[in-house]
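Please work through the following exercises with the sequence and the structure at hand. Each task is followed by a solution in steps.

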There are 2 protein chains.
Amino acid sequence: MQRIEHRACFGGWQDVYRHHSQVLGCEMNVGVYLPPQAADAPCPVLYWLSGLTCSEQNFISKAGAQRYAAEHGIILIAPDTSPRGDDVADADGYDLGKGAGFYLNASQSPWAAHYRMHDYVVDELPAWIEARLPATSARAISGHSMGGHGALVLALRNPGRYRSVSAFSPIVAPSQVPWGRKAFTAYLGDDSRAWQAWDASVLVAHAREKLPLLIDQGSDDEFLQEQLRPELLQQACALAGHPLQLRMQPGYDHSYYFISSFISDHIAHHAGALSE
Amino acid sequence: MQRIEHRACFGGWQDVYRHHSQVLGCEMNVGVYLPPQAADAPCPVLYWLSGLTCSEQNFISKAGAQRYAAEHGIILIAPDTSPRGDDVADADGYDLGKGAGFYLNASQSPWAAHYRMHDYVVDELPAWIEARLPATSARAISGHSMGGHGALVLALRNPGRYRSVSAFSPIVAPSQVPWGRKAFTAYLGDDSRAWQAWDASVLVAHAREKLPLLIDQGSDDEFLQEQLRPELLQQACALAGHPLQLRMQPGYDHSYYFISSFISDHIAHHAGALSE
């Protein structure tokens, strides 16, 4: 465990740690924002899952979330988006392999050896955080695009684990869109029955816990029609009676300019749930 | 003139334009944030000058300033930090040549042909902005590091041109520190008398207009002792009776995490002056 960045920010500290993940079998970077309140008492934690091509850096440098985390006294944890290192399998293209872990546990060769981002984010990382940082075990989760998919799937698969969940521009039905079909075929194999356990629009049908889903989606998102398709989750939630607040934001695209414009609402949403 | 980026952000638009600069003799990118108020009426303008190695991208993607510009109805203009292109002179090292224009007009070969960032930022760019965008002629200026130097020098050299000026971590006395001495020697020649017209700590002694200077400086800035030396400006202002508010911010470094933490204060400061 090594602190490789340490920068004062909104009265707290934006840090980056590097640690060994046993689950992933590699060294991982993790962004950690400690709000000023963490100097005095343990704080609840919001996990943020980033999208394709991202590392731990994108969210911490571009979203402007620290201001709101400092206001509400919330720790922000931003892991990397895949295992890393020379001995980790990779593929050509930005949407498979490194930078594209899809927050699942891979079953297929050569991916199964390292690609276990679900277990890393759900189990190993919180245990690591809660043992070493002034963090309570109150957890919330959010993310963007592939990371929005991750946030929804991790919350739906693990009832009781998160107090609240939200997403920006999530891939809500990966089994039905090109990004998801490519990744799931590689990581999980050709049999699409194995994909259902990693698809939010399928998981809501069987969710034991009706955790409300808060989603912001830009209406001018360049990936909206082909990759994101929020109407598929909307239909699934309507059928299942699962609470969903889907906010279409006119004019907004897929970028961090969109995230920065609405991250205050998401952090306020999580702060409410985390303080209950 | 070409709009190469156009992204909804806090109810307004974060754009990037590409235009031909006659003063610089090259194509230049400019970041333009139009707040929501600009859809209805012309708005005042804050010019932001970035530091060494930066382009127009750093401020627009990392500072989180759009939120406050939207609150106050201010246009944010973020130019690049030097002329660009294959026929523009450059040097090894990050602190001379491209990305290091120092907001002056060079007199020495090979720099004099293109390096005229003072005239570009003070004259050509505002004329271009005010002719094409919903901008009033009410102008303010701010910047970071080399761009903090630029903001101070441009305001001090051009009384009446800016309603207000501020800086983060500025190079306040370039004639006396390594970054400035290297750049001034190259751009302006060996005779240090020519440097005085581009040194804020010298210019305050003769300022016709006592525009108050607002400066934020991190106490843990890695460049504080060798390159920034705010005490030299403090002494010069005390001698000249020039109003200076120098805020030392404990624990903060030279990064955009520092800027993002205090940019709201600066934009509020400029908003007050711009609305008078």
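The exercises below treat the symmetry, one helix and the nonpolar cores.

The model is predicted, so local features need pLDDT of at least 70 and side-chain atom pairs count only at pLDDT 80 or more, while totals for chains, interfaces and linings use all residues. Residues are numbered from 1 along each chain as its sequence is written.

**Exercise 1.** Determine how chain B is related to chain A.

Step 1. Superpose the copies by least squares on the C-alpha atoms of residues with pLDDT of at least 70 in both. A turn of 180 degrees with a shift of 0.0 Å along the axis lays chain B on chain A, with an RMSD of 0.0 Å.

Step 2. The two copies are therefore related as by a two-fold rotation axis.

Step 3. Within chain B, B:Lys62 has the C-alpha nearest the axis, at 2.5 Å.

Step 4. Take contact as heavy atoms within 4.5 Å. Of the contact residues of chain B, 100% recur in chain A, so the same surface serves both copies.

**Exercise 2.** Test the length and burial of helix H4 of chain A, residues 146-157.

Step 1. Helices are DSSP runs (H or I, at least four residues), numbered from the N terminus. The expected span is 1.5 Å times one less than the number of residues.

Step 2. For 12 residues this gives 16 Å, which agrees with end C-alpha atoms 16 Å apart.

Step 3. Buried means under 20% relative accessible area (1.4 Å probe, protein chains only). Because 11 of the 12 residues of H4(A) are buried, H4(A) is largely enclosed by the rest of the structure. Among them are A:Met146, A:His149 and A:Leu152.

Conventions:
Chains are lettered from A and ligands numbered from 1 in the order in which they are written. Side-chain values use heavy atoms; hydrogens and water are left out. Helices (H or I, at least four residues) and strands (E, at least two) are DSSP runs, numbered from the N terminus. Buried means under 20% relative accessible area, exposed over 50%, partly exposed in between (1.4 Å probe, protein chains only).
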